Each structure stands twice: as structure tokens, then as C-alpha cells.
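Reader: I would like one part of this model looked at closely, namely how its chains meet. Please give me a single connected answer and explain each term where it first comes up.

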Number of protein chains: 2
Amino acid sequence: MLTIGSLANKTGTKVQTIRYYEQIGLMPEPGRTEGGQRRYGDDELDRLAFIRHARQLGFSLEAIRELLDLSDHPHRPCLEADAIARRQLKQVEQRLARLEALRTELQRMVHECSGGQTADCRVLEVLRDHSECLTEHDEIGA
Amino acid sequence: MLTIGSLANKTGTKVQTIRYYEQIGLMPEPGRTEGGQRRYGDDELDRLAFIRHARQLGFSLEAIRELLDLSDHPHRPCLEADAIARRQLKQVEQRLARLEALRTELQRMVHECSGGQTADCRVLEVLRDHSECLTEHDEIGA
DNA sequence: GTACACCCTCAAGCTACTAGAGGTTCAACC
DNA sequence: GGTTGAACCTCTAGTAGCTTGAGGGTGTAC
């Protein structure tokens, strides 16, 4: 039996985050001691590890909710889980493309800074004038 | 003289976003018509374009506030602006590294999905067991 | 039995917006 | 001059995914 604190430690989660997951129904309501403190078993540890891992992979809480639901029904076809992962992959690839463009632009800004006064600072100048951009970047940063 | 709507159009911003920037002090309070509607000039257009461009490059509103402040004092040394841009570049590079790891992992998940039942779905299995990961990914998605 | 680390709930705060309600103004057209 | 309708106004609340804080109770080791 784990306290919320040790569950947090084992999964690299904050205590409050676990309570938050419970509040939004992603984690089940656990058993309690007589004094009202939460106690967790291995099922909850596994579930939380799953959630954290999926979060690290960039899945939204809603996507994770779907995945957990699928995982609770092992005889359904797995096409849905696959679709969710594909959607996620697509998003990751889009973000990568955007970030690469931003890196190029920022590198250029930094390399061209001569270290003089702000009046002739390339960093500020580039920001002032979008037309100087070498790259397309049209979505607000991930 | 521009209405808030045409300023929004010219900069690819939503009207509410402009009012929000004014509210948090990033945009100045503009002049008003007798009836109380906002009217903007070229200075404000430039300032908003600067903000939006910096946002597209992933700068936080706080970083932009600093950059605008530097930009308002053209005789200060530009080291600070350079430092902000470098900080930003570093963050972008970290995010890129993370996203590349995630892409690898997601690609593997998707490629190994056999299309059977969720019980033997690779997608769910990989999420269940972090130790199967080929890559390091230890920070929560962008 | 007492110290103190850990737990509890509830409410509010964070970033960067977005959406909606309910009402007013502007400019064009007749 | 009157009317229409798009665009404007303020204010409040909502979004994701947590984090922080206040004010108080519990569990366990010494």
C-alpha cells in the first residue's frame, strides 16, 4: 500500500497532480485510511505510469482518456488506439517542422548580433520586420 | 487611422487578443473616437507586428515585454537582446531534441501495430511499459 | 506523548488566449 | 434625415494542465 507521496515519487508526478487526475476522473478514487488519507495499490501505480508515459509522449489528457478506455476493453479492435497514435505522430511531425524553421531564424538572429547598441541590434531588427525572414513560420509556438 | 478590426486583419491577430495585450500592458492604450471606439496609428501597428512576430518565434509574452523595453532604449548595449534570443534558441533546440525522440517512439508504435485486438496492441503496450522505450524522453510535451 | 513530516480540502493562480452575452457606434445607403 | 447591419464596446467565464497557498488534520518514530 502506497501513500500518495510515494506514488508520486515512483512515477515522477507531483502529489497535487495525482489529486488533479483523480478530480477529472483519469485516476480512480482510491481506498482511504480511517483518517481519510489515500492509499494506492499496484493497479493504480500501473495506471498512473501509463498516464505519465503518454503525457511524456505528448498525448493530451483527452487522448489518454480514450487510450485508457481502450486498454480497459482488451477485445475491441485496436484500430482506434492506432489511429490515436497516428494522429499524435502527425502532430509531432508538424511541430518539428515549425520548430526547425524557428531554429534557423533564431540562429541567424544570434549570429548576426554584432554586440553594439540596441539601435542596430539584429535581434530587434529581425523581429521588427517579418519580411526579413528566410523561413515560413506562421503558427504560434507549440 | 485604423479600427481595431483592420489592425487585427493587418497583423493576423484576433480583436480580443489585441484588447488582451492592452489589458496586460503590452500594447498602449490607444486614442478613442467620441463614441469610445479604439483608433490606431502606425506606431501601434509596428508594435503589434513586432509582438506577433516574436510570438511566432516562440518568445513568451514576458520575453517580448523585455525586448520591447530594450527596443524603446536604442542606446543601451544590445547584449541583453542577444541573451534573450540565445535563451530562446536553446529552448527551441531542447524542444526539438525531445520531439525527435517522441517521433521515433511514436513511429515504432504505429509501425508495429498489427491491427488485431487491443489486448495485443503495441501502442497500448508501449505506453504501459516505459522500459520498452528506445529513446529518452523525460519532459512533458512542449 | 510529542514532534514533525506528510496528508487533507478548497480556492485561486498561471499562460495566452478564446468565446459569449448584452449592449452601443459607425458608415453606407436610400 | 432615417435606417440597417457590421463592427465595436465591456465584462465575465472558459480552455489545458497543472501549481501554489491557506488553514488544518493524520501517522509514525522516538
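Author: What follows describes the contact between chain A and chain B, and then the parts around that contact.

The model is predicted, with local features requiring pLDDT of at least 70 and side-chain atom pairs counting only at pLDDT 80 or more, while totals for chains, interfaces and linings use all residues. Residues are numbered from 1 along each chain as its sequence is written, and chains are lettered from A and ligands numbered from 1 in the order in which they are written.

Chain A has six helices and two strands, in the order α-α-β-β-α-α-α-α from the N terminus. Helices (H or I, at least four residues) and strands (E, at least two) are DSSP runs, numbered from the N terminus. Chain A has 142 residues, and 32% of them count as buried. A residue is buried if 20 or more other C-beta atoms lie within 10 Å of its own, exposed if 12 or fewer, and partly exposed in between, with the C-beta atoms placed from the backbone.

The contact takes 54 residues from chain A and 54 residues from chain B; two residues are in contact if their C-beta atoms, placed from the backbone, lie within 7 Å. On the side of chain A that touches chain B, α3 (42–56), α4, α5 (79–112) and α6 (122–128) each supply at least two residues. The most comes from α5(A), with 20 residues. By class, this side of chain A has 28 nonpolar, 15 polar and 11 charged residues. Here Ala, Val, Leu, Ile, Met, Phe, Trp, Tyr, Cys and Pro count as nonpolar, Asp, Glu, Lys and Arg as charged, and the others, Gly among them, as polar.

A turn of 179° with a shift of 0.0 Å along the axis lays chain A on chain B with an RMSD of 0.3 Å. The two copies are therefore related as by a two-fold rotation axis. Both copies use the same surface, since 100% of the contact residues of chain A recur in chain B. The superposition is by least squares on the C-alpha atoms of residues with pLDDT of at least 70 in both copies.

The largest nonpolar core has 57 residues, of which A:A81, A:V123, B:A81 and B:V123 touch the most other members. A nonpolar core is a set of buried Ala, Val, Leu, Ile, Met, Phe, Trp, Tyr and Cys residues joined through C-beta atoms within 7 Å. At least two residues of the largest core come from each of α3, α4, α5 and α6 of chain A, and from each of α3 (42–56), α4, α5 (79–111) and α6 of chain B. The largest share of this core, nine residues, belongs to α5(A).

Two residues show how contacts reach from chain A to chain B. Neighbours within four places in sequence set aside, A:V123 is in contact with A:M109 and A:C113, and with B:A81, B:D82 and B:A85. A:L70 lies in helix α4 of chain A and is buried, with 21 other C-beta atoms within 10 Å. With the same neighbours left out, A:L70 is in contact with A:R76, A:E80 and A:A81, and with B:T118 and B:L124.

Helix α3(A) also supplies residues to the side that touches chain B. It has 15 residues and reaches 21 Å from its first C-alpha to its last, close to the 21 Å expected at 1.5 Å a residue; the expected span is 1.5 Å times one less than the number of residues. Its buried residues are A:E44, A:R47, A:L48, A:F50, A:I51, A:H53, A:A54 and A:Q56. What covers these buried residues includes α1, α2 and α4 of chain A together with α6 (122–128) of chain B. After α3(A) comes A:G58, with a positive phi near 90°. In chain B, B:R52 lies in helix α3 and is buried, with 20 other C-beta atoms within 10 Å. B:R52 touches B:T11, B:G12 and B:T13, not counting residues up to four places away in sequence.

Both chains also border the DNA. Around DNA strand C there are 22 residues, with A:G5, A:R38, B:G35, B:S60 and B:L61 nearest; a residue is near a strand if its C-beta atom, placed from the backbone, lies within 6 Å of it. For DNA strand D, 22 residues surround it, and the closest are A:T33, A:G35, B:T3, B:G5 and B:R38.
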